[in-house]
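Got your viewer open? Load the model, keep the selection box handy, and follow along stop by stop.

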Amino acid sequence: MPEHSENAAANIVDSIVDAIADNLPKQKSVRFEDGSISDQAKRLFGGQKSVHHVLGGGKSADVLLWRNKKISSSVLAVATAVWVFFEWLDYHFLTIACFVLVLGMVVQFAWSTFAGMLNGSPSKVPRVELPDELFANIGSAIGTQVNKFLGTLQDVSCGRDLKNFLLVIAGFFAAAIIGSWCNLLTVIYIGFVCAHTLPVLYEKNQEKVDEFLYNTLGLLQNQYQKLDKGVLGKVPKGIIKLKKSD
């Protein structure tokens, strides 16, 4: 029973992956100007690099690709439990934090009191201390990513490329619409679940996913070319130079 419960999440993910793989449409490769779909897919997904290498390698990639099913299922189960506590049971972060602190204080109080009564002398209760380097590393990593994100947005804004600018604006509008449907925690949980299912799905069915993806991209490319010729191509580019008055 314990082994069955530990691998329950892994079996569910495997069944979902197999079901999606069986239902993927088998279509002929769509050819672009630069070559066949296989050549395009190699360039898009890093040439001959494996999915494990693209994800950065190491333990994090092992978790995302379910190399160790017990660890991956445990991480996904903890994330699901957190989402259920906050979303379905309507718990708040401050409430849970207070409960945890109260529980920790009660345990330490009972430990110090009963240990002193039994031993006749006060015992040393273990203390929880987080290293300062942990917070410094977390703050540095978050600051680096935020600055990189802001720099990318400013490059798009000042790059005088109308197409990329409109794409970014459309992406923000799509994110705003999704945010109106559900809260931030649900969006983060959906992204977490996708990160634990989509990479292993792609790794097991790389050729089928590439074929399906490029058939879809071919249709989108044709629609974008029509939009470019009909609308975006008529928008003047560059900076409008004002004539100097004498």
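**Stop 1: the ring pairs**

Start with the aromatics: this predicted model holds three aromatic pairs. Select Trp83 and Trp88 to see one of them. Their ring centres sit 5.5 Å apart with the planes at 55°, so this pair is tilted. For a pair to be tilted rather than stacked or edge-to-face, the planes have to be neither under 30 degrees nor over 60 degrees apart.

Now add Tyr189 to the selection and look at Trp83 again. Is the pair of Trp83 and Tyr189 stacked or tilted? The answer is stacked, with 4.9 Å from centre to centre and 10° between the planes. What does this pair tie together? Trp83 belongs to helix 6 (residues 69–88) and Tyr189 to helix 10 (residues 184–204), so the contact between the rings joins parts that are 106 residues apart in sequence.

Keep Trp83, Trp88 and Tyr189 on screen together, since ring pairs link these residues into a cluster. Next, colour them by accessibility. Trp83 counts as buried because its relative accessibility is 15%, and Tyr189 is buried too, with a relative accessible area of 16%. Trp88 is exposed, because its relative accessibility is 62%.

**Stop 2: a neighbour in helix 10**

Stay in helix 10 and pick Thr186, which has its place there. Which residues does Thr186 touch, leaving out those up to four places away in sequence? They are Trp83 and Glu87, so show both as sticks. Thr186 is buried, because its relative accessible area is 11%.

**Stop 3: the nonpolar patch**

Switch to a surface view and select Val128, Leu130, Leu134, Phe135, Ile138, Ile142, Val146, Phe149, Leu150 and Phe172. Together these residues form a nonpolar patch on the surface, with about 970 Å² of accessible area. Which helix gives the most to the patch? That is helix 8 (residues 132–158), which supplies seven residues.

Zoom in on Phe135, one of the patch members, which has its place in helix 8. At 49% relative accessibility, Phe135 counts as partly exposed, because the exposed class needs over 50%.

**Stop 4: helix 5**

Go to Ser60, in helix 5 (residues 58–64). Ser60 counts as partly exposed, because its relative accessibility is 46%. Try a C-alpha to C-alpha distance from Ser60 to Ser72: you should get 9.7 Å, for residues 12 apart in sequence.

**Last stop: zoom out**

Finish with a cartoon of the protein chain. How many helices and strands are there? The count is 11 helices and zero strands, and reading along the sequence gives the pattern α-α-α-α-α-α-α-α-α-α-α.

Colour by burial next: of the 246 residues in the protein chain, 17% are buried. Switching to the surface, the protein chain exposes about 19,300 Å², and carbon and sulfur atoms supply 66% of that. If you have a contact map to hand, look at contacts between residues at least 6 apart in sequence: 62% of them join residues at least 24 apart. The pair of Trp83 and Tyr189, from the first stop, bridges parts that are 106 residues apart.

Notes:
Residues are numbered from 1 along each chain as its sequence is written. This is a predicted model: local features need pLDDT of at least 70, side-chain atom pairs count only at pLDDT 80 or more; totals for chains, interfaces and linings use all residues. Side-chain values use heavy atoms; hydrogens and water are left out. Patches are made of residues with over 30% relative accessible area and no salt bridge: like charges are joined within 9 Å, nonpolar side chains (Val, Leu, Ile, Met, Phe, Trp, Tyr) within 5 Å. Accessible areas come from the Shrake-Rupley method with a 1.4 Å probe; for residues, only the protein chains shown count as cover. A salt bridge is a side-chain nitrogen of Lys or Arg within 4 Å of a carboxyl oxygen of Asp or Glu. Helices (H or I, at least four residues) and strands (E, at least two) are DSSP runs, numbered from the N terminus. Buried means under 20% relative accessible area, exposed over 50%, partly exposed in between (1.4 Å probe, protein chains only). Rings of Phe, Tyr and Trp (its six-membered ring) pair if their centres lie within 6.5 Å; planes under 30 degrees apart count as stacked, over 60 as edge-to-face and the rest as tilted. Contact means heavy atoms within 4.5 Å.
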